Amino acid sequence: MRIAVIGTGYVGLVSGACFSEFGVEVCCVDKDAGKIERLRRGEIPIYEPGLDDLVAKNTRAGRLSFTTDLAEAVRGVDAVFIAVGTPTRRGDGHADLSYVYAAAEEVALALDPARYTVIVTKSTVPVGTGREVARIVRKARPELDFDVCSNPEFLREGSAIEDFMRPDRVVIGTDSDRARAVMRGLYRPLFLIETPMVMTSLETSELTKYAANTFLAAKITFINEIADLCERVGADVHDVAKGIGLDGRIGKKFLHPGPGYGGSCFPKDTLALVKTAQDFGAPLRIIEAVVDVNDRRKKAMAERVVAACGGSVAGKRVGVLGVTFKPNTDDMRDAPALDIVPALQAAGATVSAYDPAGMHEAERLLPGVEWAKDAYAALEGADCALVLTEWNEFRALDLRRVAKLLRAPVLVDLRNVYDPEAAEMAGLEYSCVGRCSRL
Ligand code: NAD
């Protein structure tokens, strides 16, 4: 089978590479000529563990190619996957669908009317987008033989390949048996490993993706608020999380407290679903509260650092460990660091920082930060060490060395990476989230 994937970002590139690993012939398209140039040279424009080997292997095997020429890419394909960005629209919080619709129109103009093609929305798109894509394509080329299918992606950055190859489920939304058959063919290897397939309508599939992401965002926000309460009452949030997570109805995952969710999906998807629900007259009050609580939380985190530094950071140096929204990615979109670091700078602090993969991207977004060559260098002479991302390499730091490097032995751990006792034994004044009582 042959497919084209429009957009070679975190989702498009991973999906394309994984489908080619399934034996499908894949051509990946991007408007960004620099990205395609790098991919053709064998360079991976994003940080995603294992992706370089997968791309190299399948490019060598002739199953995976890259181009800026959409018309060339869609020639003779069974399906076109639209995997372009759907960021928050400026001003109103709705998803910006202009990239999706522009791609749909380009696809329509390039498809061969003699060949049946499935147009798949892989991007996260609000209910109704698939029908609009069909309308755009039909208007541009009434003679085309096509169907539209929604196939949302659930992969997580940092473990994207494993998530794509061994997903908990695949959701396929279409009214067409023909399109369903094509999708079954593409996902054949997953049928063989008995991956649950949810076959449904376009609208249900589109909504399922948003329901999943907003549920997870709500779960994180719930444990964050419980963590705050733990601090007040002298309880330990990790034990609370364990105590509730062992209940199969609740589940253990996504019960880790922190500085508030960020990243390329949860902030924009929660907001977009809130807007959709309001438009349809069925407001989601829980998700509205989640958005509000999370926004406030990210902003309030700088105050924790100020408090740990004795009430002021003016003229002080804060050494930040990690700036990406989570480990194993270079993605900085809506990372808590983007709220916390500028707030500390505005309060008069100088910030030095280190991140294993995100510094290149972060340099542009966090002006005035002094970038260090490693974690210890970021902490040298600082009045406070601040953990913002739980990269593995930060878990293994020598805390005695950290205490010696710091000018004041203050460690604020917003990811609860360290054991409070071990940190205190090393001579650090340690504060974390939801397990260090402020009684
Ligand atoms: P991204 O910004 O990393 O990549 C999008 C790419 O599309 C860019 O390289 C851009 O140049 C390209 N593009 C835009 N318009 C184009 C066009 N007309 N023709 C060719 N290329 C075009 O985005 P992403 O993180 O991969 O997200 C893509 C979609 O997948 C979004 O809707 C997102 O919500 C969803 N999603 C993302 C993740 C994630 O972890 N990043 C997970 C699940 C779903």
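**View 1. The span of residues 319-420 in a predicted model.** The C-alpha atoms at the two ends of residues 319-420 are 19 Å apart. Helix accounts for 33% of this span and strand for 18%; helices (H or I, at least four residues) and strands (E, at least two) are DSSP runs, numbered from the N terminus. UniProt, in an unreviewed entry, assigns to residues 319-420 the feature "domain: UDP-glucose/GDP-mannose dehydrogenase C-terminal"; such annotations may be inferred rather than shown by experiment. Residues are numbered from 1 along each chain as its sequence is written. Because the model is predicted, local features need pLDDT of at least 70 and side-chain atom pairs count only at pLDDT 80 or more, whereas totals for chains, interfaces and linings use all residues.

**View 2. Surroundings of Arg-297 in helix H13.** Helix H13 covers residues 285-308 and includes Arg-297. Arg-297 is buried because 21 other C-beta atoms lie within 10 Å (buried: 20 or more, with C-beta atoms placed from the backbone). Leaving aside residues up to four places away in sequence, Arg-297 touches Asn-224, Pro-259 and Gly-260 (contact: C-beta atoms within 7 Å). Gly-258, 39 residues from Arg-297 along the chain, has its C-alpha atom 9.4 Å from that of Arg-297.

**View 3. The largest nonpolar core.** This core comprises 134 residues, and Ile-3, Ile-6, Val-80, Val-107 and Val-305 have the most contacts inside it (nonpolar core: buried Ala, Val, Leu, Ile, Met, Phe, Trp, Tyr and Cys residues joined through C-beta atoms within 7 Å). Helix H10 (residues 202-233) supplies the largest share of the core, nine residues. Beyond residues up to four places away in sequence, Val-107 touches Ile-6, Leu-70, Val-74, Val-80, Ile-119 and Val-137.

Notes
A residue is buried if 20 or more other C-beta atoms lie within 10 Å of its own, exposed if 12 or fewer, and partly exposed in between; C-beta atoms are placed from the backbone. Two residues are in contact if their C-beta atoms, placed from the backbone, lie within 7 Å.
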